[in-house]
Amino acid sequence: MRRPLAAFVLLAVLAAAGCSASDKPEASSSHLPVAGASDTPAEAPSASAAPSPAPSGPLFTPTQPVSVTVKGFWSWAYYDLKEDKLYGSTPYTTSDTASMAKAWVAADWLRRQAEAKKQPSSTALNELSRMIRDSETENTFKYHVENGNLNSIKRMISLCGLTETKGTQNSWSLTQMSARDVARLAKCIGDGRAAGPKWTDWLLNEMRNVRGPGRFGPIEVLPADVQKTTAIKNGWLARDDGQWHIACMAVGDGWTLGIMAHYPSSLGKDYGVKTCREVTKQLLTQH
């Protein structure tokens, strides 16, 4: 779709405002949505394992601008599964996934177990459950290594059709993702490609039961009935780069959502949590 030159200039200016340097004063920045056509990559396998969730109506209005006043970088992406359209802000800057990547670690391990015709032990399932629900990190690296370490992230990129994601050897939490790749990963989990036909429902149920410090962001502002059917996995960590990295992923009924942010560590975790919450609230049709 063609846009007037002035519109592109305005879009560039607004997007740049959402990625301000961390030492600049707070500024209100708006991200205008960018819609794409069908985003399913040609090489991605068809999801015969589990159908995509049926849409529940106009819960979100992804065509409206999103404006929040924050320091640092933030970005969002919304995937309309019924229309197979991806909306979101630009630029497609990446940020650390932190614990959000645990959803992929679990999915990749479970799918590969099923492909090898192996039944996970009750111990393994309990460890994976705590990894998702409580964001327990103790065993995550063990499963990541069993998945092939960096090869697992490369498999995620290929299987889920990601375009900006980059992995790091010997780390799952340092995986770099754009907000639109987070929305694509959420779709990949929801439609059965990530965990496979045997384990998709199990994984989504674990993600619907996230509790404790990891239960924040989109889930906090969704209507009560929608919260019950929404699967989430978030990431949060203050890095040695002097930045808090916040990642929010949600898999809903007919939609997925990805929000990424990083900002000065001095502002604390709740600063990024509020960003995820406010972006979701503005995207809701009624807020």
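How many cavities of 30 Å³ or more does the count come to? The count comes to two. Keep in mind that you're looking at a predicted model. Before we go inside, let's get to know the chain as a whole.

**The chain overall**

The chain has 287 residues, and 55% of them count as buried. Its secondary structure comes to 10 helices and 10 strands. Now take the contacts between residues with a separation of 6 or more: 67% of those link residues 24 or more positions apart. As for the outside, the chain exposes about 12300 Å², with carbon and sulfur atoms supplying 53% of that area.

**A hairpin to look for**

Try finding β3 and β4 in the structure. They form a hairpin, and four residues sit between the two strands. One residue to pick out in that turn is Asp84, which has a positive phi of about 55 degrees. The two strands run antiparallel and are joined by four bridges. If you want a spot to check the pairing, go to Ala77: it stands opposite Gly88 in β4.

**A three-strand sheet**

Next up is an open sheet of three strands, in the order β5-β7-β6, with antiparallel pairing. Which strands are at the edges? Those are β5 and β6, each of which pairs on one side only. Two bridges join β6 to β7, and in one pairing Thr168 has Ser171 in β7 as its bridge partner.

Here are strands from the hairpin and the sheet, with their residue numbers:

| Strand | Residues |
|---|---|
| β3 | residues 73-80 |
| β4 | residues 85-88 |
| β5 | residues 95-96 |
| β6 | residues 166-168 |
| β7 | residues 171-177 |

While you're looking at strands, here's a handy general rule: in a regular strand, side chains alternate between the two faces of the sheet.

**Back to the cavities**

So how do you find empty space in a protein? Rolling a probe the size of a water molecule over the atoms shows where empty space is left. Let's visit the second largest cavity, which has a volume of about 30 Å³. Which residues line the second largest cavity? They are Ala101, Trp104, Val105, Ile153, Met156, Met177 and Leu185. Two elements, α2 (102-115) and α5 (150-160), give two or more residues to this lining. By class, the lining has seven nonpolar residues, with no polar and no charged ones.

How values were computed: Residues are numbered from 1 along each chain as its sequence is written. This is a predicted model: local features need pLDDT of at least 70, side-chain atom pairs count only at pLDDT 80 or more; totals for chains, interfaces and linings use all residues. Side-chain values use heavy atoms; hydrogens and water are left out. Two strands pair if DSSP finds at least two bridges between them. On a 1 Å grid over the protein atoms alone, a cavity is a set of points where a 1.4 Å probe fits but cannot get out, and a pocket is an open set with protein on both sides within 12 Å along at least five of seven lines; lining residues have an atom within 4 Å of a point. Grid points are joined across faces, edges and corners, and a volume is the space filled by probe spheres set on the points. Ala, Val, Leu, Ile, Met, Phe, Trp, Tyr, Cys and Pro count as nonpolar, Asp, Glu, Lys and Arg as charged, and the others, Gly among them, as polar. Buried means under 20% relative accessible area, exposed over 50%, partly exposed in between (1.4 Å probe, protein chains only). Contact means heavy atoms within 4.5 Å. Accessible areas come from the Shrake-Rupley method with a 1.4 Å probe; for residues, only the protein chains shown count as cover.
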